[in-house]
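Good morning. I have one chain to show today, and I will go through its sheet and then its pocket.

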Amino acid sequence: RPTRSTLFPYTTLFRSVKGDSMEGLHILSGDLVVVDRSKPLQSGRVIVCCLEGRFTLKQFVKKGGESFLVPANPSYKAIRLTAESSFEYWGTATRVIRKL
């Protein structure tokens, strides 16, 4: 079975944003997010991950021994990660590119 590193050997990726869950951090639908795959998973950072087979962009937060994916829009709830969660970290968002 191919691993993430053999499928995507690059350390920098660009992902298109869809949705409004991160608008509180000024990351809007249609923006391009620059993703650095070489950075380790770290609490407080905005990350790209695959959760339950779907890509998502959220803030990763560790609190009291638990891990959460936190949206930057009060219309959405934080997602608690459990041992049963199908979670794969892809990288840390480092820049946003927006069409004017």
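Start in the sheet, where Val34 stands opposite Arg95 in β7. Val34 belongs to β2, residues 32-36, and β2 pairs with β7, residues 87-97, in the antiparallel sense over five bridges. By strand I mean a DSSP run of E of at least two residues, and by helix a run of H or I of at least four, both numbered from the N terminus. Two strands count as paired if DSSP finds at least two bridges between them.

Before going on, some ground rules. This is a predicted model, in which local features need pLDDT of at least 70 and side-chain atom pairs count only at pLDDT 80 or more, while totals for chains, interfaces and linings use all residues. Residues are numbered from 1 along each chain as its sequence is written, and side-chain values use heavy atoms, with hydrogens and water left out.

On confidence: pLDDT is the predictor's confidence in each residue, from 0 to 100. The chain has a mean pLDDT of 90, and 90% of its residues reach 70 or more. Among the elements, β5 has the highest mean, 97, and helix α1, residues 4-7, the lowest, 54. Where pLDDT is low, the predicted coordinates should not be read in detail.

Now the overall layout. The chain has one helix and seven strands, and from the N terminus the elements run α-β-β-β-β-β-β-β. Its radius of gyration, taken over C-alpha atoms, is compared with a globule rule of 2.2 Å times the number of residues to the power 0.38. For 100 residues a compact globule would come near 13 Å, and the chain has 13 Å, so the two agree. The C-alpha atoms fill a box of roughly 40 × 35 × 20 Å along the principal axes.

What is the strand order of the open sheet? The seven strands are ordered β1-β2-β7-β3-β4-β5-β6, with antiparallel pairing. β1 and β6 (79-81) stand at the edges with a single partner strand each, so one side of each has no neighbour in the sheet. From one strand to the next the twist averages 45 degrees; axes here are lines fitted to C-alpha atoms, for helices over the stretch in contact, and angles run from 0 to 180 degrees between N-to-C directions.

Next, the pairs one by one. β1 is joined to β2 by five antiparallel bridges, and there Phe14 stands opposite Val34. β3 runs antiparallel to β7, also with five bridges, and Ile47 stands opposite Thr92 in β7. Ile47 also has a bridge partner in β4, namely Lys58. β3 and β4 themselves pair over six antiparallel bridges. They form a hairpin with two residues between them, and Glu52 in the turn has a positive phi of about 55 degrees.

β4 then pairs antiparallel with β5, residues 66-70, through five bridges, with Phe60 opposite Leu69. This is a hairpin with two residues between the strands, and Gly64 in its turn has a positive phi of about 55 degrees.

Last, the pocket. On a 1 Å grid over the protein atoms alone, a pocket is an open set of points with protein on both sides within 12 Å along at least five of seven lines, and lining residues have an atom within 4 Å of a point. The largest pocket is lined by 17 residues, with Ser16, Lys18, Phe55, Thr56 and Leu57 nearest its centre. Elements giving two or more residues to this lining are β1 (12-16), β3 (46-51) and β4 (54-63). The largest share, five residues, comes from β4.

Note on methods: On a 1 Å grid over the protein atoms alone, a cavity is a set of points where a 1.4 Å probe fits but cannot get out, and a pocket is an open set with protein on both sides within 12 Å along at least five of seven lines; lining residues have an atom within 4 Å of a point.
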